[in-house]
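Please open the model in your viewer and keep the selection tool at hand. The tour moves from the aromatic rings to the nonpolar cores.

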Amino acid sequence: MTTLYLFGSAAPPVLGVGAVIEDAQQRGFDVCLGLTPTAAHWLEPQAAELERLTGHPVRSEYKTPGTADAWPQADAVLFAPATFNSINSWALGITSSFVVGVCAEGIGKGIPLVTMPCVNAAYAQHRALDRSVTELRGMGVSVLYGEGGFQPNPPGEGREFPWRHALGEVERAVSARR
């Protein structure tokens, strides 16, 4: 079975991650869920159910050195939704968040990495976002943003998050690696 690290940060689509886990499992993935600290706080009421669903602990913090890893090694990583903060931190190599640290390290390990930012149109105007997207793409990360990916929405207005597209890109990336 192919192990997928599904990482999410604190954007509204993370609240529906249970259905995404089920979809990924139906596609043949063993899913391990990792969250930024704020996303973990948002999903705290669902944590036990998400752990039951995945069969793995939900993680939002680095493990203690010398402690065995509770997860199998990743065959691929999907970081979605990825906030403005997470995308910029990742591109800059600022690894204070567990999920950003794993993604940054994944570049060097050659793990297929897919991300779909979730930012509103106001954040999208900040120059740092375009620089970070370009930087991540330059390091081999599949960034599903802009045409063919997530399209920013006006602040305060929700939009359906294209989860199926993101999972399809993970499948493509895993197949290309084989």
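Begin by selecting Phe98, which in this predicted model counts as buried because its relative accessibility is 4%, under the 20% cut-off. Now add Tyr62, which is partly exposed, with a relative accessible area of 43%. Tyr62 and Phe98 form an edge-to-face aromatic pair, with 5.8 Å from centre to centre and 90 degrees between the planes. Since Tyr62 belongs to the loop between helix H3 (47–54) and strand S3 (76–82) while Phe98 lies in helix H5 (residues 98–109), the pair ties together parts that are 36 residues apart in sequence.

Next, extend the selection to Tyr5, Phe7, Trp71, Phe79 and Trp90, which ring pairs link with Tyr62 and Phe98 into a cluster. Within this group, Tyr5 and Phe7 are both buried, and their rings make a tilted pair, 5.8 Å centre to centre with 40 degrees between the planes. Turning to Trp71, show Arg59 as well, which lies over the face of the Trp71 ring at 5.1 Å from its centre.

Then move to the largest nonpolar core, which has 32 residues, and select Leu4, Leu6, Ile21, Leu78 and Val170, the members that touch the most others. Helix H8 (163–177) is among the elements giving two or more residues to this core, and H8 gives the most, with six residues. Centre on Ile21, which, leaving aside neighbours within four places in sequence, is in contact with Leu6, Val31, Leu33, Leu50, Leu53 and Thr54.

Finally, select Ala74, Phe79, Trp90 and Val133, which are included in a second, separate core of 27 residues.

Methods: Residues are numbered from 1 along each chain as its sequence is written. This is a predicted model: local features need pLDDT of at least 70, side-chain atom pairs count only at pLDDT 80 or more; totals for chains, interfaces and linings use all residues. Side-chain values use heavy atoms; hydrogens and water are left out. Rings of Phe, Tyr and Trp (its six-membered ring) pair if their centres lie within 6.5 Å; planes under 30 degrees apart count as stacked, over 60 as edge-to-face and the rest as tilted. Buried means under 20% relative accessible area, exposed over 50%, partly exposed in between (1.4 Å probe, protein chains only). Helices (H or I, at least four residues) and strands (E, at least two) are DSSP runs, numbered from the N terminus. A charge sits over a ring if NZ of Lys or CZ of Arg is within 6 Å of the ring centre and within 35 degrees of the ring normal. A nonpolar core is a set of buried Ala, Val, Leu, Ile, Met, Phe, Trp, Tyr and Cys residues joined through side-chain atoms within 4.5 Å. Contact means heavy atoms within 4.5 Å.
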